[in-house]
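Hi,

Here is the model I promised to pass on. Have a look at it first, and then read on for what I found in it.

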Amino acid sequence: MAQRNTWQRERVREALSDARGFVSAQTLHATLRDENTGIGLATVYRALAGLAAQGDADSLQSPEGEALYRACTSTGHHHHLICRSCGLTVEIEATDVEQWAHRTAERHGFRDAEHVVDIFGLCGSCAAARDAERDKD
């Protein structure tokens, strides 16, 4: 069932587009609350789930297990490199991963297999800042 395109849903979509990198529903809700929109947390969750289901938002699970969302900037299947510190996200193609996933599923008798691969690390800027802090000590 398609979600109605309400002003609240559009405002969540706009806030998600304005966010840098992946954000949680709680973080997005706090932004909207600070803007006195009156949009509740449950509405934010529903809107984000709908945007993700329609392909208008990427969704992933953080290493801590929290659902994170980001306005989708590309179409089709893709993967992400995500900075654990600043949230910088780079969309990547991973042909080797695609081939490995297909072969592995096939080898175990699986068909129509799907996968999600997101790589978390430190971007160059955050790694350099961390190294500079360590060098001070």
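Let me start in the middle of the chain, with a pair of strands. Strand β2 (residues 57-61) and strand β3 (residues 67-71) run antiparallel and are joined by five bridges. If you want a landmark for the register, take A57, which stands opposite A71 in β3. The two strands make a hairpin with five residues between them, and G65 in that turn has a positive phi of about 95 degrees. Before going further, a caveat: this is a predicted model, so everything here is computed from predicted coordinates.

β2 and β3 also belong to something wider. Three strands form an open sheet in the order β1-β3-β2, with antiparallel pairing. β1 (23-24) and β2 stand at the edges with a single partner strand each, so one side of each has no neighbour in the sheet.

Stepping back to the overall layout, the protein chain has five helices and six strands. Read from the N terminus, the order of elements is α-β-α-α-β-β-β-β-α-β-α. The C-alpha trace spans about 55 × 50 × 25 Å along its principal axes. Of the 137 residues in the chain, 31% are buried.

Now the next hairpin. β4 (residues 79-83) pairs with strand β5 (residues 89-92) in the antiparallel sense, over four bridges. This hairpin has five residues between its strands, and G87 takes a positive phi near 85 degrees. L81 lies in β4, and its bridge partner in β5 is V90.

Those two residues turn up again on the outside. L81, L88, V90 and I119 form a nonpolar patch on the surface, and together they have about 290 Å² of accessible area. Why does L81 qualify for the patch? Patch members need over 30% relative accessible area, and L81 is partly exposed at 35%.

What about pockets? The largest pocket has a volume of about 350 Å³. It is lined by 16 residues, and the closest to its centre are D58, S59, H77, H78 and H80. β2 and β4 each supply at least two residues of that lining, with the largest share, three residues, coming from β2. If you open the model at one spot, I'd suggest this one, with D58, S59 and the three histidines H77, H78 and H80 in view.

On to the charges. The count comes to eight salt bridges, and here are some of them.

- R11 and E35 meet through their side chains, at 2.4 Å from N to O. R11 lies in helix α1 (residues 7-18) and E35 in the loop between α2 (25-34) and α3 (41-53), so this pair ties together parts that are 24 residues apart in sequence. R11 counts as buried, at 18% relative accessibility, while E35 counts as partly exposed, at 41%.

- K136 and E133 form a salt bridge too, with their closest N and O atoms 3.2 Å apart. Both residues lie in helix α5 (residues 124-136), three residues apart, or about one turn of the helix. K136 is exposed, with a relative accessible area of 65%, whereas E133 is partly exposed at 45%.

- D131 and R130 meet in a salt bridge at 3.6 Å, N to O. D131 is partly exposed at 34% relative accessibility, and R130 is also partly exposed, with a relative accessible area of 35%.

- E10, R13 and D56 are linked in a network of salt bridges.

One thing to keep in mind when you look at R11: why does it count as buried? The cut-off is under 20% relative accessible area, and R11 comes in at 18%. Its partner E35, at 41%, falls in the partly exposed class.

For a quick tour, I'd go through the model like this:

1. Start at the β2 and β3 hairpin and find G65 in the turn.
2. Go on to the sheet, in the order β1-β3-β2.
3. Move to the β4 and β5 hairpin and find G87.
4. Look at the nonpolar patch of L81, L88, V90 and I119.
5. Finish with R11 and E35, the salt bridge at 2.4 Å.

Have fun with it, and write back once you have had a look.

Cheers

Note on methods:
Residues are numbered from 1 along each chain as its sequence is written. This is a predicted model: local features need pLDDT of at least 70, side-chain atom pairs count only at pLDDT 80 or more; totals for chains, interfaces and linings use all residues. Side-chain values use heavy atoms; hydrogens and water are left out. Patches are made of residues with over 30% relative accessible area and no salt bridge: like charges are joined within 9 Å, nonpolar side chains (Val, Leu, Ile, Met, Phe, Trp, Tyr) within 5 Å. Accessible areas come from the Shrake-Rupley method with a 1.4 Å probe; for residues, only the protein chains shown count as cover. A salt bridge is a side-chain nitrogen of Lys or Arg within 4 Å of a carboxyl oxygen of Asp or Glu. Buried means under 20% relative accessible area, exposed over 50%, partly exposed in between (1.4 Å probe, protein chains only). Two strands pair if DSSP finds at least two bridges between them. On a 1 Å grid over the protein atoms alone, a cavity is a set of points where a 1.4 Å probe fits but cannot get out, and a pocket is an open set with protein on both sides within 12 Å along at least five of seven lines; lining residues have an atom within 4 Å of a point. Grid points are joined across faces, edges and corners, and a volume is the space filled by probe spheres set on the points.
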